Every structure is written in C-alpha cells, then in structure tokens.
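Biologist: Hey, could you walk me through a structure? I'd like to ask about strands and charged side chains.

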Amino acid sequence: MMDGTLGEMLTTLEKLRWTAANGEDVLKEEVRDVGLMTIHKRAAVNYVPFGVIGAIVSWNYPFHNIYGPMISALFAGNAFVGKVSEYSSFYASYYESIVRDGLRQLGYSPDLVHFLTGFAETGEALVSSVDKVTFIGSPGVGKIIMRNASATLTPVVLELGGKDPAVICDDADYDQVFPIVMRGNFQNCGQNCVGLERIVVHEKLHDRLVEDVTRQVRSLTQGPASEKCYDLGAMTMGKAAIPKIEQLVRDTVAAGATLVCGGKAVNDRFFPPTVLINVTPDMPIAQEEVFGPVLVVLKFKTDKEAIEIVNSCAYGLGSSVFSKDIQRAQVIANGIRTGMVNINDFGINYLCQSLPFGGVKISGFDRFAGREGLRGNCVVRASTTDRIPGVKTVIPPILQYPISDAAFGFMENLSQVLYGRIANSIASAARLASFKPPKTKKE
C-alpha cells in the first residue's frame, strides 16, 4: 500500500501539478530569430495536437502508467486511447470513469478518453488506429510494436525497461546510501523499471554493505495487500515471472556467484527477497532485467572499472552515483551511458516532473514527462508570416526565369554582403571543387 502511494499517487499528483502550472507556457507559440534575408518575415513554431494519442502500458504501476500519458495527451489538445496490461485489467473501467466524469463536469465529451483491455490483437489494432503511440514494456514486445507501427508510419515512444546501476564510491555517505539501496531495490517487490538492479560498490565498502543488506533482507516481511503492512508484496505476473527469476538465480550461481539468501519461491505468487554477491558483469543476472526482489552486488576497484561495469549492459535507462566528491561523481556520471542519472540519490528525477523520462540502447528512445514529453504530443509546425505591412517577398528580375548568365554573380555578391568571410571560404572551396586542369596537346 505504501509502494502504491509513492509510485502511483504522488507521481501522478505531481504530474498534474506541473502540467497545470507550466503546460500553457511550454506549448505556447515560440517566435524564432530571422536573418537579414528574411528580416521582413515573422518566424514562429507552433505546437499543434496530433489528433489521437495512444498508449500501451505495463502492469507494474497500473494507475500512473495509464494516467501519465493521458494527462499530457489531453492537455496538448488530443483525444486519448490507452490499453492497459492484461495483468492489471480489473480497475481499467474504474480509472476510465474517473477522468470521463471529470471531462463531463468541464463540459467536454467523455469520449475523448477510452481505456481498453485485451491481449496482443487489441494492442495491434490500437497501434494502427492512432496518430502517435507510447509503449511501456519489454524490449521484445517493443520491437513488435515498432514493426507494426512502421506499416502506418506511426511515430512511437518506447520505454523498454532497465538494468539500473547504483555506483557507490568508497567516499559515499554510507548512512544515506544504505536505506536508498534497500528502497531502490525492493520498491514494489523489485517490479520497477528504474529499480536498482545492480549495486556496483567499491571494494572498501563491499563487505560492510553486504553484511548490512543481508541482515535487513532476512528481516523483511512479505504478504498480500491488507490492513497489515508488509515490506514486500506478490509478483504480479506470478507463474510467468517466478520460474524465470529462479532460473536466472540458478544460472548466475552456476557461473560463480554466491547466493546469500532467498532465491527460491515459496509458491507461485511470492518470490522472497534475495541477495547475490560475487557477481561479475558477464553473468546472466548482470545482463538481463530481473523485475523482481533480487539484490545483485558487483565489486569495483577504480572509477574507470565502475564505468565499464555499468556500460557493459545492453540497457541504459536510469542510474545513480554516490560520492561526497561531487566532481568525482559527475565524472563517473558523464561516463555512464544512460538516459537519466541521479547524483547521491535514486529515482528522484521522476518525482521532478519537469524532467524528461527515457533511456538509450535497448531501454528505448524518445521521452515522456517534462517539456520534451508534453511537446511530444504535438506536431512541431514551423510557420512564417509577413511582419511589415505591405512588405512582401519579391523575386528580383535577375533571378526570375529564364535564368540569365548574371544570376550566379548576383548570388555570389549577395552572399559576400550578407555573410562576408564565411561566404568567401565557401566560394573558394566551390571554385576548387569545380576546377579542371587544362588538357595537354596529347590529350
């Protein structure tokens, strides 16, 4: 219940606040600079609604994942059609009724918003029926979405999960880091796209962190959502997820890692909090997204080695770097290939809804949230109009058809007048490129 409040309600409320406070300014017309040649024109950029925005979202945060793209789509002037996951369909009609009732109260048609349930064929139909689509899910399904979207050239935003690292330097504030490691790893039972799936810790802090983590993990409670507060809940995908996680743990232990605790499911709903140490970057669990309550510890000696460990993975969504030396942390952060980074923090960027959210490599591309995400719901349209009454663009007679021999000389002189030395260099290069040596008598 606490995870739901933190991951679902607070983030959605902050998105509503930021959008209401900043959205009009973000989407208003922007007047752009003009040069001497177009000084008589007014140049502007307008953010025009696409029409219908679609979203196919994952089950791990079923309220926020469907409301987030919907808020941006509606504010930008679009209708919205969203498909919820088949693993979190129960509340779809209730979530839809909330916003449709709000639209009615504001005097708008409730048909501006539709939430769909279904399987793959529903998602395929949605992709071919909207003007732009956001997909939140796995790289494998993301490739299918992109392939289907190519048939209609529908633009897509792909958020395809992560294998987020926390680089913990030897000079990190340990009292701050330890609770963040626990929260970052076990939030929502590890079912978090920006969860800390790799704890990359300096060798000087390694043993202390492992000892403290092990002690606290063994004390965690697990059970269903109820009046009693448990530390961890169930695995949403149950039978589909647990065998995969167990196999990853087994394969990683077989490759040389050490299983400290956990590793085997109690039943087909609950997977216990698990700790793996002596993990190296080439092991299965260091490369594949777990999406479960498994804390994976990797050790490093130098900052260069830490960067190499982080970048050895195909995912590149979020990341964290912990060091009291901010300059050192920034150098490490600059070397990491991820779409987002937090220095001395975890996941705080998503509570800051002014920032864009998204990754690189197989974590996907494009962004939602922030001004970039809000503008992504619009066609970016360039426009020009006459700025001075009575002053219009007139083509000089020397440039009108049919072209005269003097036209090139006129343009060359115009370039010199407007751009000086830059034009000189370009003209010299052009003359050199067109130069042909004289033919010899033999030729």
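Below, we talk through one sheet and some salt bridges.

Modeller: Sure, just keep in mind that this is a predicted model.

Biologist: Which strands stand at the edges of the sheet with the order S1-S2-S18?

Modeller: This is an open sheet of three strands with antiparallel pairing. A strand with a single partner has one side left without a neighbour in the sheet, so look for those. The edge strands are S1 (30-32) and S18 (378-386).

Biologist: Which residue in S18 does lysine 41 stand opposite?

Modeller: Strand S2 covers residues 41-49 and pairs with S18 over nine bridges, in the antiparallel sense. Across from lysine 41, S18 has aspartate 386.

Biologist: How far apart along helix H10 are glutamate 308 and lysine 304, counted in helical turns?

Modeller: Their side chains meet in a salt bridge, at 2.8 Å from N to O. Both sit in helix H10 (residues 303-311), four residues apart, so the separation is about one helical turn.

Biologist: And lysine 239, which meets aspartate 268 in a salt bridge: is lysine 239 buried or exposed?

Modeller: That salt bridge is 3.8 Å, N to O. The pair links distant parts of the chain, with the two residues 29 residues apart. Anything over 50% relative accessible area counts as exposed. Lysine 239 has 63%, so it is exposed.

Biologist: Which arginine is linked in a network of salt bridges with Asp170, Asp171 and Asp303?

Modeller: Side chains of opposite charge can pair when their charged atoms come close. The structure holds 19 salt bridges. In this network, the three aspartates are linked with Arg328.

Key: Residues numbered from 1 in each chain as written. Predicted model: local features only at pLDDT ≥ 70, side-chain atom pairs only at ≥ 80, totals over all residues. Heavy atoms only, no water. Pairing = 2+ DSSP bridges. Salt bridge = Lys/Arg side-chain N within 4 Å of Asp/Glu carboxyl O. Buried < 20%, exposed > 50% of the residue type's maximum accessible area, 1.4 Å probe, protein only.
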